[in-house]
Amino acid sequence: GEWAQKSLEQRVAAVERLVEMLKAKRSEIIDVLQWEICKNDADAAKEFDRTMEFIRSSIDTLRAAESTSTVCEGGIYARLRRSPVGVMMNLGPMNYPFNETYATLMPALLCGNSVVMKIPN
């Protein structure tokens, strides 16, 4: 598909745009977390912020991995080429719906995979 053919930087740019949109809705997302799963203010805010930090860390990790295309192990050199695996399934849990959903969704998307997602209900 089209997503899998995009370069890493194109996928990162798209995810970073999504993160900015999520950050603009931070207070609304925190309110939903409070009402939907009875989190207090601090726990809901922590879940949101932890998720944003995880996405940033995933981007940084993937960029670092992408820059390491040649490896040497035991005197044998290999050239690594990364490509999407295919379609990933994402099952969002109800106890940490925002964090756990995005913690599996974002790395899959950043790697160029398509994702089928069942949101928590």
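The lining of the second largest pocket in this predicted model is made up of eight nonpolar, four polar and four charged residues. The pocket itself encloses a volume of about 260 Å³. Altogether 16 residues line the second largest pocket, and those closest to its centre are R11, R82, S83, P84 and C111. Three helices each contribute at least two residues to this lining: α1 (2-5), α2 (8-24) and α4 (41-67).

The largest pocket comes next. Its volume is about 350 Å³, and 14 residues form its lining. Nearest the centre of the largest pocket are V32, L33, P97, F98 and P120. The elements that give two or more residues to this lining are α3 (26-37) and α5 (97-110). Of the elements, α3 gives the most, with five residues. By residue type, the lining of the largest pocket divides into eleven nonpolar residues, two polar ones and one charged one.

F98 is also a good way into the interior of the protein. This residue, which lies among those nearest the centre of the largest pocket, belongs to the largest nonpolar core as well. That core holds 20 residues, and the members touching the most other members are V15, L22, F48, M52, I55, F98 and Y102. Four helices, α2, α3, α4 and α5, each supply at least two residues of the core. Helix α4 gives the most to the core, with seven residues.

F48 offers a closer view of these core contacts. Apart from its neighbours within four places in sequence, F48 is in contact with L22, K23, R26, I29, I30 and F98. Two of these partners, L22 and F98, are listed with F48 among the core residues that touch the most other members.

For the protein as a whole, the secondary structure comprises five helices and four strands. Following the sequence, these elements are arranged in the pattern α-α-α-α-β-β-β-α-β. The C-alpha atoms fill a box of roughly 55 × 25 × 25 Å along the principal axes. The protein has 121 residues, and 30% of them count as buried. Among contacts with a separation of 6 or more, 65% are between residues 24 or more positions apart.

A look at strand β1 brings the view down to a single residue, T70, which is found in this strand. T70 counts as partly exposed because its relative accessibility is 44%, a value that falls between the 20% limit for buried and the 50% limit for exposed. Not counting residues up to four places away in sequence, T70 touches Y77, A78 and R79. T70 and L80 are ten residues apart along the chain, and their C-alpha atoms are separated by 6.0 Å.

Confidence in the prediction is worth keeping in mind when reading these details. The average pLDDT of the protein is 91, and 99% of the residues score at least 70. Among the elements, α2 has the highest mean pLDDT, at 97, while strand β1 (residues 70-73) has the lowest, at 83. Where pLDDT is low, predicted coordinates should not be read in detail.

Conventions. Residues are numbered from 1 along each chain as its sequence is written. This is a predicted model: local features need pLDDT of at least 70, side-chain atom pairs count only at pLDDT 80 or more; totals for chains, interfaces and linings use all residues. Side-chain values use heavy atoms; hydrogens and water are left out. On a 1 Å grid over the protein atoms alone, a cavity is a set of points where a 1.4 Å probe fits but cannot get out, and a pocket is an open set with protein on both sides within 12 Å along at least five of seven lines; lining residues have an atom within 4 Å of a point. Grid points are joined across faces, edges and corners, and a volume is the space filled by probe spheres set on the points. Ala, Val, Leu, Ile, Met, Phe, Trp, Tyr, Cys and Pro count as nonpolar, Asp, Glu, Lys and Arg as charged, and the others, Gly among them, as polar. A nonpolar core is a set of buried Ala, Val, Leu, Ile, Met, Phe, Trp, Tyr and Cys residues joined through side-chain atoms within 4.5 Å. Buried means under 20% relative accessible area, exposed over 50%, partly exposed in between (1.4 Å probe, protein chains only). Contact means heavy atoms within 4.5 Å. pLDDT is the predictor's confidence in each residue, from 0 to 100.
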